[in-house]
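Got the model open in your viewer? Let's take a short walk through it, one selection at a time.

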Amino acid sequence: MSLTRLFTGAGVVALVATSLVTGGTPAATAAATAVRLDAAPIVTPVSSLVQPPASYPTQPLLRTVADDPTDASIARGVTPYDEIAPKLNTLMAQSDRVSAQVVGSSTLGRDIHLVTVTAPESTAATAQQAAWRAKIKDEPTAAAVDPALMAGYKVPIWFNANIHGNEWEGTDAVLDYITKLATDPAATDVLSRYRFYFTVTNNPDGRIAGQRANGAGFDANRDMVTGVTPEARVIRDLAGVIQPTFYIDLHGYTNVLQIEPCGPPHGENYEYDLFLPHAYAAARAIEDAVVSANIPGNTYLAANGSATTTNTGKIKIPYRDVRSGWDDWPPLFTPQFLAYQGAVTNTVELPLGRTANQTTNQANAKVNIEVAGVVLDSAVDYVADNSAALLANQIEIFRRGATGEPLKTIPADVDPANVPAPNEWATIWDETDVYTAEFPRAYVIPVDGAQRSTTDAARLVDQLIANGVEVQRAVEPFTAGGTAYAAGSYVIDMHQPLRGMANVLLADGSDISTRVPDMYDISAWSLALLWGADVDRIGATTDAAVTARTEAVTKAAATGSLPAAGSYLELATTGVAEYQAVNALLAAGIPVSSFADGSVILGRDVTTRAAAQEVANGYGVAFSASDGSRLRSEPSTGLTALRVAYTGTQDDRVTLERLGFRDIVNVTAASLTSGAVTLDDVDVLWIGSALSFSGTQTAGRDAVTAYLAAGKGVAGKGTAIAAFSTTFGITTATATSGTSGSNGIVRVANAEGGLLTGHTADTAFIYPAVWYTGLGENAAVQQRYATDGTFVSGHWADAAGRSRADAAGQASAVSATGPTGSRLVMLGTSVNFRTHPVGSYPSIARALLWAAPTADGVTAPVAEEDLTEEVRGSVRVPDTVTVGETFRVEVGDADGTTVRAVLFSTPVELATAVVADGGFSVTLPAGTAPGVHRLAVVTDAGALLGWDDLTAVAAVVPGGDGGTGGGTDGGTSTPGGTTVSGDLASTGSSVTLPLALGGLALLAGAVALIVARTRRDRQEVDAS
């Protein structure tokens, strides 16, 4: 039954719950199981697998797998995954130049290999290389003038292959190149001066399946900021370990060989004056080599931008040839991410694509492998010819970061004669290339009451650290930018080597809508605005350091806590972790109730407390003590563990798993129509993509209709949920979306006192924005796009009726209750796009829990008015008890039950005991006022076993003074001020009554007790 209710009344028992039944343990608690902390992780720390060996070579025997005749690589005519490890094992057996290690696992558990090829190194030599690598980043000024370092450091060159699974040939090219380096005597010199790193296949699952995505459906080369895929995290984790000076990511297919750098808009946080000259010069050198090789079957760039087999002397270089639509604005791609490590990076797109004709397919692969071989050869030649300059630039990037120099902006139309060589890039550079950022002196992540979500703040800190950003934690209060911060607040000092990385992750970003016509991918991603935590920007990079005593941290401090035993537990659902905790508790059978503001309350029993401790430890949530009175004074709803059916993609599935909804099932129009999936046992439906039925799918439509007829709810996003609502008659809504491809960060405002009140995030991601108009009378707007400053950052191409101005002030979240009682929530922002907007996850969880069925939840504390004759039960106590006396409470057949004894009227908990032989003993406290009282017995889980009345008699105090008091209203006042009247005596005061007044009170109380017991006895006789 629903526990949505409003209790009123006084005399709430502090810290005691009751279900007002006559015995037994509530089923919800009886069914409690172990708490499983199995919500999918959002942040994964750097893996220990990427740590480098102590010397080279290191040659473990790599695990091999069985032949897989279904591997899609075979049809392409390239190396199947099952042949990679054997090849590497053979090379290691043949050569002391080759080392290999497993640096991670794919989504489906396949090994991801890193191969290192270099001249053998002793332990001491490897340690020296590691020390120099650290000096380059941490002491760049000293590194720049260290002649031994500049002469002896092995410049790291890294080639990544096959991050897109059906772009195969990079893997074969690097295997060929590894073989060449391992066996060619002429490679001895180059291997003494460089380390070559190869991630042979970054996406084994996609390679085998012949798909771009990884085994979970994600594009790992759009995931470098979010880190939802293990494939992207391997690159992220290796970035800080390898610290490459030069990096190439091998892709395909663009009809003609394409090599970055990119066209505008350029990422605002790069040291572009150091990056672009060599990135472009390297691309030109590769172009010259490929043109000179004149590989049969290869293609070249025609004058009109198309591909031709005629050797025109050109390949495609986006910086020169694609001035819009192939940009390096977001750091989502591996080359753009690794540029923040001071590397010169290029994406290489091999030319010839997939076809249905197997002969052509394999011929194309052969050409691509040969082209890729030339790319690798010429890239290495370029690095060898320019290694001193490349290393000096990398050191300079770190030095600028560490010293906090303002970003150097290249002016438009720069004269090539006025810039250092290589300077060919300068002939192209113009106003459309000019982008820059102003770095703050620091960012501060508060942890005190000003922080909207302490758990989201901790998660953000961990994500920054995983991406190589240095984070400090204040050990005492401090003031920065005129704001006082508590001890424990986090400081990101922007005078650090990876300041570009720090700023690209934390800055708001820019609105570039009017600067470029379109974008290759997303245009905004700020973790400070999209990951749920408050982040403050402090000063400018040239300011003095924040005056705070801090310590470096490698992970966020623990945030979970539980108050002292004996209280209800409340939890404000301000972040993702709180919903993870709620779902874990519900799955374990722990009663949980929710208030209108989204906060939840738990009972005070031992089982609940133990479960709460588990989630506090596991998810970092902080419970607060409560007397439970909100359960009587405010509406509350009992929550239940949910089975969620969903439509949509991996974004929807993984977001639900991250929130702790583990009982989920994907549904489609086809599966519902065929009966392969039913909605019979589903509690709530999430619409992540359209659920529409054709004329032949009436069975599926009928299944949804029956589901809604049962009063079950639905929540969802975008235009899909509005179409669903209108189709099935929940409420009317017209969904309007921004222009296609428009994306970025918007400001939103939640309705005061509405469904999303407890979720205070005021920014959201859109791709594109969706807003709802023409709402039915049963609909309520829960959130709107801000009327002022609607669009914060990104790219929104305006069009009539679909512009930023059109969206301003419109509904971005709507709720409704349909004719059958089905509840609906529509969310217009892109709440889980690629799983990145973590700060919007709570709105998903809140919507699902609100739309779902309710449960009994947490019972309210017992109040005096609850102790009626109907619920006396089998509890018996002596008629009279002397204050300070220990007496027995009989409760009947309840042996082994943990119970609490509570004395009324002013409620006082006397004891917690385990029933034995039908009862337990308790002592009447010395401060108990003489007179009639009621003693209630409740189980530890909150069930009322019953109550009985007793008369407290004052203990005789030898030689006591019979002083008088000033009682009024017909009562007698004790020296301590306790009034005894015809009502129940007030309990809990520490007083000693004079003997005479105690006798009078005893007489009056006894009369009342006799009357009450006579009435009770008569009822028992009548009942029998």
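The tour has two parts, a pocket and then a group of paired strands. Keep in mind that you are looking at a predicted model.

**Stop 1: the pocket.** Select Val43, Ala458, Arg459, Asp462 and Gly618. Of the 27 residues lining the largest pocket, these lie nearest its centre. The volume of this pocket is about 690 Å³.

Next, colour helix 15 (454-466), helix 18 (576-587) and helix 19 (606-619), the elements that each give two or more residues to the lining of the largest pocket. Which one gives the largest share? That's helix 15, with six residues.

Now colour the lining by residue type: you should get 16 nonpolar residues, eight polar ones and three charged ones.

**Stop 2: strand 20.** Move along to residues 592-595 and show the side chains. Val592 and Ser594 point one way, while Ser593 and Phe595 point the other way. Are these residues buried or exposed? All of them are buried.

**Stop 3: the hairpin.** Add strand 21 (residues 600-602), which runs antiparallel to strand 20 and is joined to it by three bridges. The two strands form a hairpin with four residues between them. Click on Gly598 in the turn: its phi is positive, about 90°.

**Stop 4: the other partner.** Bring in strand 23 (residues 636-638), again antiparallel to strand 20 and joined to it by three bridges.

To finish, centre the view on Ser593. Its bridge partner in strand 21 is Ile601, and in strand 23 the bridge partner of Ser593 is Gly638.

Key. Residues numbered from 1 in each chain as written. Predicted model: local features only at pLDDT ≥ 70, side-chain atom pairs only at ≥ 80, totals over all residues. Heavy atoms only, no water. 1 Å grid on protein atoms, 1.4 Å probe; cavity = no way out; pocket = protein on both sides within 12 Å on 5 of 7 lines; lining within 4 Å. Points joined across faces, edges and corners; volume = space filled by probe spheres on them. Nonpolar A, V, L, I, M, F, W, Y, C, P; charged D, E, K, R; others polar. Buried < 20%, exposed > 50% of the residue type's maximum accessible area, 1.4 Å probe, protein only. Pairing = 2+ DSSP bridges.
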